[in-house]
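Student: Could you take me through one part of this structure closely? I would like to look at the ligand and the residues around it.

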Amino acid sequence: MSLYTKLSDMRTPFISANWKMNKGIEETRAFFSEFVSLVKDAKSREIVVAPPFTSLHTAAGIAKDTNISIAAQNMHTNDSGAFTGEISPLMIKDAGCSHVILGHSERRQYFNETDHLINEKIKSARKHNIKVIFCIGETLQEREDGNTFNILGRQITEGLKDISPEGIVVAYEPVWAIGTGRTATPEQAQEAHASIRQKLREIFGDAAENTRILYGGSVTAENINRLMECGDIDGALVGGASLKPDSFAKIVNYDIK
Ligand code: PGA
């Protein structure tokens, strides 16, 4: 099978921004005032933007009636209660989110999120009908030790335990490629994506063919085409290059040559 053969036409390309801890309310307004018209014709793409919590309501208000959906970057498992500083699934829905990013490597690394906790969060999001961008990925050390596929397998098996495939998008983000300018080569990414799809087949059966697997890690307007040509890459999760409306719009509007 060629690296460049798409296995399924069922997988609408999914391009998501992850703004991380960037952009207040005015910056969010400024971004959308340019971005909405730049992507209005991208009908064959699913477009998501994930602002920080404080900008969600503003972003969702502007994105309403456009082809752009809004995601939170995290959420708590519980609906409400004594969890000072936390934000519940009901709150992100109330703010206008249809999606949530869960299991990002920065959450795993800096906030000690475990596979088990991420699994609980995914269950909670799906209970509330929130779509999930579920992030996985190996560190440089794990790759150099030859453990990439074991790590990805464990993250998928534990993270998706007792979860059904509807509303789940998987994002493969090698930790060594995030914010470093060091993208995985299309060959490295495709190899990892193929192994992820194989694991998904074991868990989801045939539904794995319809599950989108995004690549994340230093995606830019310059490398998106080559990545999207790979058979098992169905979209991108974009950090740094999603902060400017024109550079993110170029990624959304990429074209397969
Ligand atoms: P990056 O971030 O595009 O800045 O590498 C990607 C991510 O962490 O989702």
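Which polar backbone atom is 2.8 Å from an oxygen atom of the ligand, and in which residue?

Tutor: Happy to help. Before we start, please note that this is a predicted model, in which local features need pLDDT of at least 70, side-chain atom pairs count only at pLDDT 80 or more, and totals for chains, interfaces and linings use all residues. Residues are numbered from 1 along each chain as its sequence is written, and side-chain values use heavy atoms, with hydrogens and water left out.

Now to your question: the residue is Gly240, with a polar backbone atom 2.8 Å from an oxygen atom of the ligand. That is a polar contact, meaning a pair of N or O atoms within 3.5 Å; within protein, one must be able to donate a hydrogen and the other to accept it, and residues adjacent in sequence count only if both atoms are side-chain atoms. Gly239 also takes part, through a backbone N or O atom 2.8 Å from a ligand oxygen. Asn18 uses its side chain instead, placing a polar atom 3.4 Å from an oxygen of the ligand. On its own the ligand would expose 290 Å², and the protein buries 95% of that (areas by the Shrake-Rupley method with a 1.4 Å probe; for residues, only the protein chains shown count as cover).

Next, the shell as a whole. The ligand is surrounded by 13 residues, and the closest are Lys20, His104, Glu173, Gly179 and Ser218 (a residue is near a molecule if one of its heavy atoms lies within 4 Å of it). By type, the shell holds four nonpolar, seven polar and two charged residues. Here Ala, Val, Leu, Ile, Met, Phe, Trp, Tyr, Cys and Pro count as nonpolar, Asp, Glu, Lys and Arg as charged, and the others, Gly among them, as polar.

Two of those closest residues deserve a second look at their backbone. Lys20 sits in the loop between β1 (14–18) and α1 (25–38), and its phi is near 55°, a positive value in a residue other than glycine. Ser218 belongs to the loop between β7 (213–216) and α9 (224–228), and its phi is likewise positive, near 60°. The helices (H or I, at least four residues) and strands (E, at least two) are DSSP runs, numbered from the N terminus. Lys20 counts as partly exposed because its relative accessibility is 22%, whereas Ser218 is buried, at 18%. Buried means under 20% relative accessible area, exposed over 50%, and partly exposed in between (1.4 Å probe, protein chains only).
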